[in-house]
Amino acid sequence: MTPPYRVGDELPPLEIPVTRTLIVAGAIASRDYQDVHHDAASAREKGSPDIFMNILTTNGLVGRYITDHFGPTAVLRKVAIRLGAPNYPGDVLRLTGRITELRTADTSSADTSSDEAIEAVVQVTGGNGIGRHVTGTVAVTLPEPSAKRAGA
């Protein structure tokens with residue numbers, strides 16, 4: 001079955017306000033207790049103008065971006081990211097993506113309803129007021145076309 005996606009398709013952008021709460025909550029949720037993610041004075045002592053987001057929070061937001069687009073039955077297979085400019089409180093992270101590859105997914109160990117599942121590779125970038133915060137690729141097993149969310 002032909003998926004409702006094509007190589008080159010752009011995902012709609014997602015803008016996420018970078019709040020102090022998001023940064024601290026993400027660090028706590030990922031058990032990253034480094035003071036630069038929750039203590040502004042310590043972050044400044046180490047040369048940063050403020051606390052900043054950790055890589056695990058960014059990784060989670062990239063995953064959310066993909067599953068928000070492809071729907072709740074999409075399965076993340078691989079998320080590979082690299083950080084650039086830090087995310088500080090008061091900024092906005094703007095994620096964008098483009099499908100770079102479509103292929104038959106290896107579903108031998110997956111819980112899928114089709115033997116011919118499609119996997120998409122999406123190039124993701126995210127910027128903020130300073131510059132490029134994140135670049136990476138995400139491999140995701142796509143839901144059956146009938147399960148595709150309306151408007152996605």
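This passage describes the fold, the surface and two residues of a predicted protein model.

The overall layout comes first. Three helices and five strands make up the secondary structure of the protein chain. Their order along the sequence is β-α-α-α-β-β-β-β, with the helices placed after one strand and before the other four. Contacts that reach far along the sequence are well represented: of those between residues at least 6 apart, 70% join residues at least 24 apart.

Turning to solvent exposure, the protein chain has 152 residues, and 40% of them are buried. The accessible area of the protein chain comes to about 8200 Å², and carbon and sulfur atoms account for 50% of that area.

A handy example of a buried position is found in strand S5, which covers residues 132-141 and includes Thr141. The relative accessible area of Thr141 is 4%, so this residue counts as buried, the limit being under 20%. The side chain of Thr141 also takes part in a polar contact with the side chain of Arg77, at 2.9 Å.

Leu56 offers a view of the surface instead. This residue belongs to helix H3, which spans residues 55-70. Leu56 has a relative accessibility of 47% and is therefore classed as partly exposed, a class that lies between the 20% and 50% limits. Together with Ile55 and Leu83, Leu56 forms a nonpolar surface patch. The combined accessible area of Ile55, Leu56 and Leu83 is about 240 Å². Membership of such a patch calls for over 30% relative accessible area, and the 47% of Leu56 fits that requirement.

Note on methods
Residues are numbered from 1 along each chain as its sequence is written. This is a predicted model: local features need pLDDT of at least 70, side-chain atom pairs count only at pLDDT 80 or more; totals for chains, interfaces and linings use all residues. Side-chain values use heavy atoms; hydrogens and water are left out. Helices (H or I, at least four residues) and strands (E, at least two) are DSSP runs, numbered from the N terminus. Buried means under 20% relative accessible area, exposed over 50%, partly exposed in between (1.4 Å probe, protein chains only). Contact means heavy atoms within 4.5 Å. Accessible areas come from the Shrake-Rupley method with a 1.4 Å probe; for residues, only the protein chains shown count as cover. A polar contact is a pair of N or O atoms within 3.5 Å; within protein, one must be able to donate a hydrogen and the other to accept it, and residues adjacent in sequence count only if both atoms are side-chain atoms. Patches are made of residues with over 30% relative accessible area and no salt bridge: like charges are joined within 9 Å, nonpolar side chains (Val, Leu, Ile, Met, Phe, Trp, Tyr) within 5 Å. A salt bridge is a side-chain nitrogen of Lys or Arg within 4 Å of a carboxyl oxygen of Asp or Glu.
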